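I'm opening my notebook on a new structure today. I'll jot down what I look up as I go.

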Amino acid sequence: MPRNPRRSLPFLMFLFGLAALACGVARVRAASDAPATQPAQSKSDPKASAASACARCHVEAKTQPLTQMGRALELPGSNPTVVTHPRLAFQKAGYSYLVETRDGKTNYSVTDGTRTLAIPVLWSLGAGNQTWVLEYDGKLYESLVSYYLAIDGLDITTGDESIKPKTLEEAMGRPIDDREKKACFGCHSTNSVTDGQVNLEHLHPGVECSHCHEGTAQHLADTVRGVDGPTPPALSKLASEDISNFCGQCHRTWETVIRGPWRGEVNVRFQPYRLANSRCFDGADPRISCVACHNPHQPLNRDKAFYDAKCLACHAAGATALQHAVAVGQSAPIANGAKVCPVAKDNCVSCHMPRVNMLGGHLTFTDHQIRVVKPGIPYPN
Ligand code: HEC
Ligand code: HEC
Ligand code: HEC
Ligand code: HEC
Ligand code: HEC
Ligand code: HEC
Ligand code: HEC
């Protein structure tokens, strides 16, 4: 296996397949075989009901709906961010914003002192930091202001900083075209894109089981009827290169970033790209796969020491590394030449995966380009 399989022909061919996957093949299949047993979306707690049918047999379903990914989109009535912040206010460039929540309903309004636009919020994107998608005059807009945890308040939405609004409508939000609408809801919700068309009536908030696992509706129907049908393909069998691309459907792949406009620190948020650029990355070695460090069914682990064992699976003196790899159930060959740190024995990520602040500190990401960080050396692209 070449060390950089992403440049090899088989990998390019794989990417073609993946492009099809990312363009909705998986979603279409999951939706078209949806049986009548598909749990109806309950208004009170839609996420709990969607996964509860799986929880009988799979522990994953107990925690996944509570993760940030599981809550990547919130509908009115089940949005903790605005419930705990019933009145959010902000002013910029002569416009005043107010995001008010009462009785489960949120209203987004902006005024220039003479005219006021007031729009009910239907879709809240982001489980922590939050941006609202607004419907106005038959079109969709991304709210020009967003809620940020770091300042516990509103500021201009990421990416919209350069907009200088000349009208009240422009101050309200940035128009979203059909392509962006599809991508936006496609990454933050489930079942919103079927047969290449956006259908927001059928949307399930957040990233649900069926967004990642193909054929779950049929599988559930089979188990309910006691039929011995095919089980959803095991994602645990994907190589780390393929997992990077799988997660990259939403977190952006190496390919997407290399072709895109993001240079400099803005690309720190694209983990598959950053990780592939690290000397640690080997597309065939499961010890450096996204799922070696992250369980997509559980909340992100914020304990730095938790990751030590992941690094030491490769960076420990020969025999120890092998034993460790076996101990954690990994059978891949030990990467040649993975060295031992001359500086420290624990908290590896605190030095080698630095946190990078964006937008004056409103957003912080972890640099997945694992490396020796030396003062004065600029951010490697
Ligand atoms: C009545 C029990 C039952 C229910 C309900 C159920 N499953 Fe399963 N599921 C199974 C069994 C049994 C297997 C096969 C396990 C194996 O081969 O180790 C399986 C396999 C899977 C796999 C493949 C795992 C792998 O790596 O091989 C996935 C993914 C999965 N189920 C997801 C779901 C989802 C999502 C739901 C809810 C929509 C669901 N299941 C509902 C019993 C169930
Ligand atoms: C369908 C789109 C989608 C896919 C596929 C996806 N993610 Fe995510 N992920 C998201 C979104 C959207 C968020 C942001 C959630 C939020 O904060 O609102 C996110 C957030 C996360 C977080 C941060 C959670 C936190 O608590 O801060 C981790 C870790 C993560 N994803 C890992 C993964 C891994 C690993 C994979 C692949 C196995 C994956 N994701 C695949 C959409 C996706
Ligand atoms: C290609 C998939 C994708 C698209 C398209 C997308 N997002 Fe996200 N979004 C993510 C992921 C993944 C994260 C998790 C943060 C990260 O790691 O970058 C995220 C994070 C967020 C956050 C949390 C704050 C932040 O910036 O991290 C907000 C708010 C958000 N998205 C809103 C939106 C809105 C609004 C749209 C459409 C107008 C949109 N997103 C389009 C994948 C996507
Ligand atoms: C963001 C994508 C994502 C979502 C959402 C997701 N899964 Fe998974 N799931 C994965 C990946 C990736 C793996 C393989 C994990 C590994 O290899 O460690 C997996 C593995 C599994 C397995 C097999 C466990 C094993 O030991 O291999 C089951 C069962 C499962 N998921 C059930 C579910 C259920 C039920 C839900 C919804 C409640 C769900 N998943 C939601 C990505 C996802
Ligand atoms: C060697 C371990 C490791 C691997 C492999 C890894 N991550 Fe991470 N990831 C981390 C650590 C450490 C954090 C920061 C945890 C914290 O907040 O303390 C993190 C954080 C994240 C976050 C939260 C946002 C951020 O940047 O802080 C996302 C999303 C994420 N990882 C996605 C991925 C994806 C997708 C992959 C595969 C391309 C991946 N990770 C591979 C260790 C890893
Ligand atoms: C799959 C095995 C593997 C894993 C897991 C892994 N690495 Fe590496 N890493 C390597 C290899 C191979 C190299 C290149 C040879 C060397 O310097 O040891 C490397 C290089 C490095 C370097 C030197 C990079 C440079 O640019 O000179 C550092 C620092 C490093 N790794 C730290 C870590 C940390 C910290 C973790 C956990 C967050 C980690 N690695 C996880 C295999 C791995
Ligand atoms: C306090 C910060 C710090 C911590 C914690 C730390 N390192 Fe390092 N590490 C460094 C520095 C600085 C260097 C560069 C040393 C040099 O070039 O003289 C380095 C070098 C390395 C190298 C390259 C070695 C070589 O010979 O090229 C690897 C691999 C590495 N560290 C892995 C790890 C792992 C794995 C852990 C956790 C068990 C870890 N580091 C913890 C600061 C740290």
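**The five-strand sheet**

I started with a sheet of five strands, which is open and runs in the order β1-β6-β7-β8-β11, with antiparallel pairing. Which strands stand at the edges? I found β1 (73-74) and β11 (173-175) there, and each has a single partner strand, so one side of each has no neighbour in the sheet. I should keep in mind that I'm looking at a predicted model.

Next I zoomed in on one pair from this sheet. Strand β7 covers residues 131-136, strand β8 covers residues 139-143, and four bridges hold the antiparallel pairing between them. I looked for who faces E135, and L140 in β8 stands opposite. A reminder to myself from the textbook: strands of a sheet pair through backbone hydrogen bonds, either parallel or antiparallel.

**The four-strand sheet**

Then I looked up another open sheet, with four strands in the order β2-β3-β4-β5, and the pairing is antiparallel here. β2 (87-92) and β5 (116-120) are its edge strands, each pairing on one side only. On average, neighbouring strands of this sheet are turned by 15 degrees against each other, if I ignore direction.

How many bridges join β3 and β4? I got seven, between β3 (residues 95-102) and β4 (residues 105-111), in the antiparallel sense. In this pair I noted that Y97 stands opposite V110 in β4.

**A hairpin further along**

I moved on to strand β16 (residues 355-358), which is joined to β17 by four bridges, with the two running antiparallel. M358 has L363 in β17 as its bridge partner. Four residues lie between the strands of this hairpin, and L359 takes a positive phi there, near 55 degrees.

**Helix α9**

Is α9 mostly covered or mostly open? Mostly covered: ten of its twelve residues are buried. I wrote down some of the buried ones, including S240, I243, F246 and C247. D242 and E241 are buried in α9 as well. Right after α9 comes R252, and its phi is positive, near 75 degrees.

**Around ligand 5**

I then checked who sits around ligand 5. There are 21 residues around it, and Q271, C290, C293, F365 and T366 come nearest. Which elements supply at least two residues each to this shell? My list reads α9 (240-251), α11 (271-276), α12 (290-293) and β17 (363-366). So I've met α9 and β17 again, now in the shell around ligand 5. I sorted the shell by type and got twelve nonpolar, six polar and three charged residues.

**Around ligand 6**

Same lookup for ligand 6: 23 residues surround it, and C280, C311, C314, K339 and C348 are the closest. Two elements, α13 (308-312) and α15 (348-352), give two or more residues to this shell. α15 gives the most, with three residues. By type, the shell around ligand 6 has 13 nonpolar, three polar and seven charged residues.

**The whole chain**

Last, I stepped back. The chain has 15 helices and 17 strands. How much of it counts as buried? I got 33% of the 381 residues. I also looked at contacts with a separation of 6 or more, and residues 24 or more positions apart account for 53% of them.

Note on methods:
Residues numbered from 1 in each chain as written. Chains lettered and ligands numbered in written order. Predicted model: local features only at pLDDT ≥ 70, side-chain atom pairs only at ≥ 80, totals over all residues. Near = placed C-beta within 6 Å. Nonpolar A, V, L, I, M, F, W, Y, C, P; charged D, E, K, R; others polar. Pairing = 2+ DSSP bridges. Axes fitted to C-alpha atoms, helices over the stretch in contact; angles between N-to-C directions. Buried ≥ 20, exposed ≤ 12 C-beta atoms within 10 Å, placed from the backbone. Contact = placed C-beta atoms within 7 Å.
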